[in-house]
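Let's take a walk through this structure, one selection at a time. Please open the viewer and have the selection tool ready.

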Amino acid sequence: MKKKSIGLILMLTMVFSTGCAWFSTMPPEYQDGKNTQTESANETATENRTETETTTETETITETESEVYVPEPEITEILISAVGDCTLGTNQEHTYSKSFHEYYDKYGVDYFLKNVKHIFEEDDFTIVNFEGTLTESENIREAKEWNHKGKPEYVNILKNASVEAVTLGNNHIMDYQMDGVNDTIKTMKEAGIAYALNGDWGNQLGMYEVKGVKIGFVSVNEVYDGQRVYKWLEDGLKELREQGADIVIAANHWGEHRGHEENEDQIALGRWCVDMGYDLVIGCHSHVLQGIEVYNGKYIVHGMGSFCYGGSKNPAEKETMIFQAKFTFVDGVLQPEIDGKVIPCQLSSTTKRNDYCPIVLEGEAAQTVISNLNKYSEEFQTVIDENGNIVK
């Protein structure tokens, strides 16, 4: 019995040993009951798939990052309104009855420009030719036939109507000698109105900034100073550019009284201003409308007429206008295309007399002014459409 047990044990031991030996000789991929070759292949496929997905993701990110962001251009538009001769007061020959002074006393400071105020408020820069003085001085220039002056408080007529600038380089700034000049300048400064004056009675270049754009202007009186104005205009343009002016305006007092036709001197001077680099040329003195010229892409407005004009109780011609020019900047760079427009006006709300209250014309009356402007501008081949737009 004992021998059989020992033999059985020996037999089992041999079988177990043989089984272990057989297991140990199995290919590695079949050990532990697993097909490691298949697993390895699956792992390789997974790694390849992951690598492919990673590569695709990387390529997608790279493509996205390679798309350069281009911001929208910054566009700034500057609308400028310009009007002609404004005399806030009277001349020494006027009586009080029906004078500018009487209307001021009756109707107050906001009466005179009430019909055009909304236009001046909606633009970016309004500039007028201020023809006269604001002074209490009695130091009149006896040699002159007409001498204009108003009370210093009249400056609020301009200020309250959103007029930002005045030109003083004309033949009436000196009507009350240097007293009148100094008083007028002092009054404009205190009201915050930019001004320009060049010549024997003072030298001041005008500058006004709006929407980050600097508007410079030079004001000269060619009627009295003749060829000397060329030097003042040249120096003024250079200095204003050095001061960072983005738009520069030449305001020239020139031409003949009550003449719709431009003389050779003003045509030559206007074109010279454009050639020198001025962006806009505006003119006064004739007290009536003259032609509009488009020269090398820039506007030369030869005569804007009288506007709010206290120098006459009943001017023979009451047609006038507001000239507008729209400048466009793209990313701070002034574009060559400038839009020009005329708003037909009348210097009085009645044709019977001067009530010193300009109005915007409509209908047939407006078309008459546009038709006349087309006639005055015919020599320059300038065309103004029925809406007042200057056709390129």
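How do the residues lining the second largest cavity divide into nonpolar, polar and charged? To find out, select V109, D110, L113, K114, K117, I157, N160 and A161, the residues that line this cavity. The tally is four nonpolar, one polar and three charged. The space inside is about 40 Å³. Keep in mind along the way that you are looking at a predicted model.

**Stop two: the largest cavity**

The cavity count, taken at 30 Å³ or more, is two, so there is one further cavity to visit. Its volume is about 50 Å³, and it is the largest cavity. Select N129, T167, G169, S219, V220, A251, N252, H253, I282, G283, C284 and M304 to show the lining. Here the division is five nonpolar, seven polar and no charged residues. Now colour three strands: β8 (213-221), β9 (247-253) and β10 (280-284). Each of them gives the lining of the largest cavity at least two residues.

**Stop three: the six-stranded sheet**

Those strands lead us to the next selection. Show the open sheet of six strands and follow its order, β7-β8-β9-β10-β12-β11, in which the pairing is mixed. At the edges you will find β7 (206-210) and β11 (292-295); each has a single partner strand, so one side of each is left without a neighbour in the sheet. On average, neighbouring strands of this sheet are turned by 20° against each other, direction ignored.

Zoom in on β8 and β9, which pair in the parallel sense over seven bridges. If you would like a pair of residues to label, take I215 and its bridge partner in β9, I247. Then add helix α8 (residues 228-242), which packs on the sheet and touches β7, β8 and β9. The direction of α8 makes about 165° with that of β8.

**Stop four: strand β14 and its partners**

Next, select residues 319-330, which form strand β14. Is this strand largely enclosed or largely open? Nine of its 12 residues are buried, so β14 is largely enclosed by the rest of the structure. Buried here stands for under 20% relative accessible area.

Add the partner strands one by one:

- Strand β1 (residues 75-87) pairs with β14 in the antiparallel sense over eight bridges. Label L79, whose bridge partner in β14 is K326.
- Strand β16 (residues 339-346) also pairs with β14 in the antiparallel sense, over eight bridges. Label A325 and its bridge partner in β16, G340.
- Strand β15 (residues 333-334) runs antiparallel to β14 and is joined to it by two bridges. Here V330 stands opposite V333 in β15.

Stay a moment at the hairpin of β14 and β15, which has two residues between the strands. One residue to click on is D331, which takes a positive phi near 50° in this hairpin.

**Last stop: the largest pocket**

Finally, turn to the largest pocket, which holds about 480 Å³ of space. Which residues lie closest to its centre? Select W146, H257, R258, H287 and Y309: of the 22 residues that line the pocket, these are the closest to the centre. By class, the lining of the largest pocket has seven nonpolar, 10 polar and five charged residues. Colour the lining by these classes to see how they are laid out, and enjoy exploring from here.

Technical notes
Residues are numbered from 1 along each chain as its sequence is written. This is a predicted model: local features need pLDDT of at least 70, side-chain atom pairs count only at pLDDT 80 or more; totals for chains, interfaces and linings use all residues. Side-chain values use heavy atoms; hydrogens and water are left out. Buried means under 20% relative accessible area, exposed over 50%, partly exposed in between (1.4 Å probe, protein chains only). Helices (H or I, at least four residues) and strands (E, at least two) are DSSP runs, numbered from the N terminus. Two strands pair if DSSP finds at least two bridges between them. On a 1 Å grid over the protein atoms alone, a cavity is a set of points where a 1.4 Å probe fits but cannot get out, and a pocket is an open set with protein on both sides within 12 Å along at least five of seven lines; lining residues have an atom within 4 Å of a point. Grid points are joined across faces, edges and corners, and a volume is the space filled by probe spheres set on the points. Ala, Val, Leu, Ile, Met, Phe, Trp, Tyr, Cys and Pro count as nonpolar, Asp, Glu, Lys and Arg as charged, and the others, Gly among them, as polar. Axes are lines fitted to C-alpha atoms, for helices over the stretch in contact, and angles run from 0 to 180 degrees between N-to-C directions. Contact means heavy atoms within 4.5 Å.
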